[in-house]
Amino acid sequence: MNKVVVGAQWGDEGKAKITDLLAQDADLIIRYQGGCNAGHTVVAHNKTFKFHLIPSGILYGNKTCFIGAGTVILPEAFDKEVKELIEQGIDISGLKVSPLASITMPYHTEVDGYSEDNAKKGKIGTTKKGIGPTYTDKVARFGLKIEDLYSPEALNEKLDVILPLKNKTLEKVYGLQPYSKECVLALCEKYAEIFKPYVCFDWQEMLNNSKKKQILFEGAQGVMLDVDYGTYPFVTSSNPIGGGACTGSGYGPKMIDEVIGVAKAYVTRVGEGPFVTELTDETGDKIREIGHEFGVTTGRPRRCGWFDAVTMKYSVLVGGLTSVALTKIDVFDTFDEIKVCTAYKDTRTGEIYTSYPTNVYIHKYLEPVYETHKGWGENVSNIREYSQLPDNCKKYLARLEELLEVPISIISVGPDREQTIFKK
Ligand code: IMP
């Protein structure tokens, strides 16, 4: 069974743990989009590992971990992650990088930082890792790919086209320093060294030979941050949805058997953008505190709110989810009441939306319509069997399944691998 793991909300749903669990059975793990904007922490071998780009499956030591063509790679970040893993004694011989992945250049991070810091209106709240500008250049056919680093002719020709225009924009639009060709060539020489041991020039052969193996496609961010289907423009610049696994890996849709959407029992988001069920009160603070909701990449406190079944149902549809892994239900152990948003009400007209309205500019006029569930008032973190869960917890889960029309196949009751319930 080939599986895609994708965040079903706005990222940070606890994908790392689910991916780590599912990676056990995989031979090949492919990260298919995004860059070092993602961040997750895995505790293994009694050590803490922080991942941004490299699939955490590398910790098993016997998996091929492929960073696919749909990703964007900041060479310095990749180098740091590789070095840290080596220093911690991890065998990274299974690490491979697609020659078709895009390179984040210093001017991409500079532009991202400048745009964020100077935006008077329309601030996105990006991670400032150069993700948007790198994808912008890729789609504008203005980007550098890893394979260019090993082809002096291509690099030379490309830079002659890219640099004059890039420099004009850097200087005139952003007031930033231009880059000389010599400087960029020197950078590329350094990058070529960084990637050399990992570039997989025979990736076609590798994909062909892996067709009968178990493949795990690893998404970053979440469906609601998808550039086509998320809360645009408050999104990342790639396609975390299940469909993105195809374009980002080089495999076609028939190679995918299951798409597992990871969702929290509540919702969090970092950065700007609409969030109808956001709680700016004590309940939101309580969720943040118990759930330790602070970003791994930026350390920012995450915005917290009740489970939003309207958005999640949309995520099931466009994300192509075949089941849901629900994480952090233990965060609600001490809650008397738990709310679930089943519809939105337009405060201007009274109109009720049960389908997700994609025009996010009207979201500020929407208020959540909640149903309230009784809490279960006990610690579920030691439970390993679905049947042992408190009745109110089972009722809550059953109601979510009914609303979403897909099974909740995995329930996470704590950060450890063992704190997981597989629902048969
Ligand atoms: P960018 O991906 O850095 O361009 O940021 C665009 C939006 O996506 C911002 O709201 C970020 O906070 C959000 N974002 C990017 N990566 C992640 C992630 O891994 N988890 C949660 N939010 C993310």
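Student: What makes the pair formed by the side chain of N37 and an oxygen atom of the ligand a polar contact?

Tutor: In this predicted model, an N or O atom in the side chain of N37 is 2.9 Å from an oxygen atom of the ligand. The cut-off for such a pair is 3.5 Å, so the pair counts as a polar contact.

Student: Which part of G125 faces an oxygen atom of the ligand, and what is the distance?

Tutor: The atom of G125 is a backbone N or O, and the distance is 3.3 Å. That value is within 3.5 Å, so this pair is a polar contact too.

Student: What is the distance for the side chain of R300?

Tutor: An N or O atom in the R300 side chain lies 3.1 Å from an oxygen atom of the ligand, and the 3.5 Å limit therefore admits this pair. Of the 470 Å² of accessible area that the ligand has on its own, the protein covers 96%.

Student: How many residues surround the ligand, and which are the closest?

Tutor: There are 16 residues around the ligand, and the closest are D12, N37, T127, T236 and R300. To be counted, a residue needs a heavy atom within 4 Å. Sorted by class, this shell holds 7 nonpolar, 7 polar and 2 charged residues.

Student: How many cavities of 30 Å³ or more are there, and why is the largest one called a cavity?

Tutor: The count is 2. The name applies because a 1.4 Å probe fits there but cannot get out. The largest cavity has about 40 Å³ of space, and its lining consists of A8, Q9, W10, M224, V267, D308, T311 and M312. That lining divides into 5 nonpolar, 2 polar and 1 charged residues.

Student: What lines the second largest cavity?

Tutor: Its lining is W10, P274, F275, V276, D308, T311, Y344, Y356 and H363, around about 30 Å³ of space. By class there are 6 nonpolar, 2 polar and 1 charged residues. W10, D308 and T311 appear in both linings.

Student: How do you know that the radius of gyration of the chain agrees with a compact globule?

Tutor: For 424 residues the globule rule gives a value near 22 Å, and the chain has 22 Å, so the two agree. The C-alpha trace spans about 65 × 50 × 40 Å along its principal axes. The secondary structure comprises 11 helices and 19 strands.

Student: What is the omega of the peptide bond joining Y232 and P233, and where does P233 lie?

Tutor: Omega is about 5°, and the bond is cis. P233 is in the loop between β9 (215–218) and α8 (244–249).

Student: What is notable about the phi of R141?

Tutor: R141 is not a glycine, yet its phi is positive, at about 60°. R141 sits in the loop between α4 (131–139) and α5 (152–173).

Key
Residues are numbered from 1 along each chain as its sequence is written. This is a predicted model: local features need pLDDT of at least 70, side-chain atom pairs count only at pLDDT 80 or more; totals for chains, interfaces and linings use all residues. Side-chain values use heavy atoms; hydrogens and water are left out. On a 1 Å grid over the protein atoms alone, a cavity is a set of points where a 1.4 Å probe fits but cannot get out, and a pocket is an open set with protein on both sides within 12 Å along at least five of seven lines; lining residues have an atom within 4 Å of a point. Grid points are joined across faces, edges and corners, and a volume is the space filled by probe spheres set on the points. Ala, Val, Leu, Ile, Met, Phe, Trp, Tyr, Cys and Pro count as nonpolar, Asp, Glu, Lys and Arg as charged, and the others, Gly among them, as polar. A polar contact is a pair of N or O atoms within 3.5 Å; within protein, one must be able to donate a hydrogen and the other to accept it, and residues adjacent in sequence count only if both atoms are side-chain atoms. Accessible areas come from the Shrake-Rupley method with a 1.4 Å probe; for residues, only the protein chains shown count as cover. Helices (H or I, at least four residues) and strands (E, at least two) are DSSP runs, numbered from the N terminus. The radius of gyration is taken over C-alpha atoms; the globule rule is 2.2 Å times the number of residues to the power 0.38.
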